[in-house]
Structures are given as structure tokens and as C-alpha cells.
Amino acid sequence: MNQLTDFIRILSGRFNNAQQFHALQVEGVTDFPYAEHVNTPCNDKITGLPTDFAGVFLVEESYYTIGGRTNASAHLFLFTEEADGAVKLTSYELPDGCSKTDFTYQTMPQTDYALLRPSAKFTPAIYRRRGDVWEGGSESMFTPALKFTLFERFSADVLEVSERMERNGKRSFGYDQPILYRRAQ
């Protein structure tokens, strides 16, 4: 099995942090979100892929609920395998006419590959396998004052996701501990 196939197998599906969320609630922590991810490969929705195309496009739907309010955010990622076996995540702009708040695999229109554009702001993330765990991330400067840091660790058991947004060096989004997503049953 090649590295990309294994990576996508681990990453695809429905996940939530219910176990972590409930444990934190018992401890009295109320400012940590209940979070869900729905990760769906979507090459079948993209027309005009080159015949030798070896990458996997994936729709990531993210839902964060805190204080009774749910925020949705969606992304389109391309995963490719590097020559050294690492996996590269490149963020893409959503297809024209699509919104981050309601974009899902189900609502994704058939999209021409030639019209897809990589995000100019996101620095591609690189993941390396260490035993049964993939880990990696990136740091992106969205503006001169806005920095986004991503670090993730994936295994068959858990997707550990740390995201932090800083404006002028002060955190504006993110949590002190990673969100621990487990596959939803």
C-alpha cells in the first residue's frame, strides 16, 4: 500500500471529539468546543483531471459548537505523495459560487480541474509517517499581522488537531490543547 493511500484511509470519514468534550465538561471546562469533521475524498466531483493524476482531493467539513452556537467551515484540500514518502496537503480555494459555511461533499458541484486554484495564503503542510502515526503541519502568514499555525497527528485511533490563529502575536483562535477526534460510530 502506498503512503498516500494509507494516509487518506486514516483521514477519511466522520469524526468528533465527544469523548474529550464530555471529559472536559466533567472537569468544569466550558470554553472548549464540541467539534466534528467530515472528510470525504472528492476526485469524482472534479472533471478534467490529468490521466496520470496521482493526488486525492478531499472536502473537509468542520463544525465547532461552543456556548450553544455552531460554526461551520469547509475546505478543499489536495493530498499528494512526495518522492520521500511524505504527504503534502495543499489548500485550494473553494469552487466559484461556493461558501465556506455551506460547502459539503453533497453540495459540491462538478468542477473543472483547470478552474481550481491553490490558496495563495496557506503554506502547504507536510506530513511524515513515524511508525503508525502521521504528523506534520505548517505555518502560514495570512496577512503581515495574522499567522496561522497547524500541527496534526493522525493514527487509526485518533486525529489530533492543533490550530492557532495569532494577530500581532496574540491568539485570536485556538485552544491550549489539541482537539482529539475519534471516528464516529
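Begin by selecting glutamate 166, which counts as buried because its relative accessibility is 14%, under the 20% limit for that class. The model on screen is a predicted one. Glutamate 166 lies in strand S11, and its side chain forms a salt bridge with arginine 164, with 2.7 Å between the closest N and O atoms. Arginine 164, at a relative accessible area of 32%, is partly exposed. Display next the residues in contact with glutamate 166 beyond four places in sequence: Ala145, Leu146, Lys147, Arg171 and Ser172.

From that list, select Arg171. Arginine 171 has a salt bridge of its own, to aspartate 176, with the closest N and O atoms 2.8 Å apart. Arginine 171 is partly exposed, at 35%, whereas aspartate 176 is exposed, at 73% relative accessibility.

The structure holds ten salt bridges. For another of them, select aspartate 84 and arginine 128, whose side chains meet at 2.8 Å, N to O. This pair links distant parts of the chain: aspartate 84 sits in the loop between S5 and S6, arginine 128 in strand S8, and 44 residues separate them. Aspartate 84 is exposed at 55% relative accessibility; arginine 128 is partly exposed at 36%. Selecting Arg130, Glu135, Arg153 and Glu160 together then shows a network of salt bridges.

Move now to glutamate 152, in strand S10 (residues 146-154). Which side chain of opposite charge is nearest to glutamate 152? That side chain is arginine 153, 11 Å away, and glutamate 152, although buried, has no salt bridge. Its side chain is instead joined to that of tyrosine 127 by a polar contact of 2.3 Å. Contacts of glutamate 152 beyond four places in sequence also include Trp134, Gly136 and Val161.

Tyrosine 127 leads into the largest nonpolar core, which has 29 residues; Phe7, Phe79, Tyr127, Phe154 and Tyr181 touch the most other members. Elements that each supply at least two residues of this core include helix H1 (3-11), strand S5 (69-81), strand S8 (125-130) and S10. H1 gives the largest share, five residues. In general, nonpolar side chains of soluble globular proteins tend to be buried together.

Select Tyr181 within this core. Among the residues that tyrosine 181 touches, beyond four places in sequence, are Phe15, Ala35, His37, Tyr64, Leu159 and Val161. Finish with a second, separate core of 13 residues, by selecting Phe57, Ala74, Leu78 and Tyr92, which are among its members.

Notes:
Residues numbered from 1 in each chain as written. Predicted model: local features only at pLDDT ≥ 70, side-chain atom pairs only at ≥ 80, totals over all residues. Heavy atoms only, no water. Helix = DSSP H or I, 4+ residues; strand = E, 2+ residues; numbered from the N terminus. Buried < 20%, exposed > 50% of the residue type's maximum accessible area, 1.4 Å probe, protein only. Lys, Arg positive; Asp, Glu negative; His and termini not counted. Salt bridge = Lys/Arg side-chain N within 4 Å of Asp/Glu carboxyl O. Polar contact = N/O pair within 3.5 Å; in protein donor to acceptor, adjacent residues only side chain to side chain. Contact = heavy atoms within 4.5 Å. Core = buried A, V, L, I, M, F, W, Y, C linked by side-chain atoms within 4.5 Å.
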